[in-house]
Amino acid sequence: MPFDITPIDDKPAAQIKGLDLSQPLDPAVYRALVQTLSKYPVLVFHGQDLDAAAFHGFTRRFGTLQEHVLHKYRHAEFPGLSWLTNVASDGSVDEFGVRRATTWHSDGSYTAIPPTLGILHAYETPPTGGGTLFIDMGAAFDRLTPALQTRLRGLTGLHRHGAGPGGDMYDNSLSDKQKENHRDVFHPVVTQHPDSGRPILYVNETHTHKFEGINKTDSIALVNDLVAQAVQPDAIYHHQWTPGDMLIWDERSTIHRGEGDYTPTARRIMLRAIIDQISIHE
Ligand code: OGA
Ligand code: MN
């Protein structure tokens, strides 16, 4: 491996040392990072310093960037990048930015071909709280009873932006025109990771709102039950941010959420890239 991998306790995360992500990297390094995600679905880097142009240059070499549905937060020059921020343009607190994404989800599960990687780079971070929490949904599937695993293998989930039991914060966040483009998409409840072959529980409380052949009430109960079983406190990787941190995670095999729980006037500013399909560029 062209870098050092230090596992973080017994969490689904590893710290990567020995890379300066602001410098051009060999395609072999990109391939090795993707390969490492099969074992550690969250990769943690400290002490990185990439402005938006450098972050764009680094992230786009994993594959095409997904332009996010929330237009307001897109970077003006690089629409493939989005700001995660609690600071409005006039410097006041952006209340939506404070609440956003604090329920469990996988980014873009509401799209027909969901994205593969999420990447976040922190610029300003609150002194306490404001972390990001991750769960390995391969391990979560393995923890379910064999009977439930068998039942889930036959099920298909319906996903729509913010339509799950935890998606209320997104009410009214899409324009009417966009809503037409965000109808239900269908994903098997148990997917298979393309690299590791592991079964993955592909359900989240923000965007999954129904299962084929199960009524609305029972579907919501099942979403809530599966997420509750998945997010065992011991299984969570809790990332406490420091400026200069970069996280790369596997969207196919994890769910995550913002911790919230910070003073809204403490500035929290990060840039995010979401990689559609992996195709490593020279
Ligand atoms: C998001 C998200 C996590 C965080 O905006 O999709 O997951 O910690 N944010 O802000
Ligand atoms: Mn997210």
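This report describes how several strands pair in a predicted model.

## Basis of the description

In this predicted model, local features need pLDDT of at least 70 and side-chain atom pairs count only at pLDDT 80 or more, while totals for chains, interfaces and linings use all residues. Residues are numbered from 1 along each chain as its sequence is written, chains are lettered from A and ligands numbered from 1 in the order in which they are written, and side-chain values use heavy atoms, with hydrogens and water left out.

## The sheet β13-β7-β15

An open sheet is formed by 3 strands (DSSP runs of E, at least two residues, numbered from the N terminus) in the order β13-β7-β15, and its pairing is antiparallel; two strands pair if DSSP finds at least two bridges between them. The edge strands, each pairing on one side only, are β13 (237-239) and β15 (254-258). Neighbouring strands of this sheet are turned by 20° against each other on average, with direction ignored, the axes being lines fitted to C-alpha atoms.

Strand β7, which covers residues 132-136, is joined to β13 by 3 bridges, and the two run antiparallel. Within β13, the residue that stands opposite L133 is H238.

## Strand β6 and its partners

Strand β6 (residues 117-124) is largely enclosed by the rest of the structure, because 6 of its 8 residues are buried (under 20% relative accessible area, with a 1.4 Å probe and protein chains only).

Two antiparallel pairings involve this strand: 5 bridges join β6 to β14 (residues 246-250), and 7 bridges join β6 to β16 (residues 269-278). On the β14 side, G118 stands opposite W249, whereas in β16 the bridge partner of L117 is I275.

Terms used:
Helices (H or I, at least four residues) and strands (E, at least two) are DSSP runs, numbered from the N terminus. Axes are lines fitted to C-alpha atoms, for helices over the stretch in contact, and angles run from 0 to 180 degrees between N-to-C directions. Buried means under 20% relative accessible area, exposed over 50%, partly exposed in between (1.4 Å probe, protein chains only).
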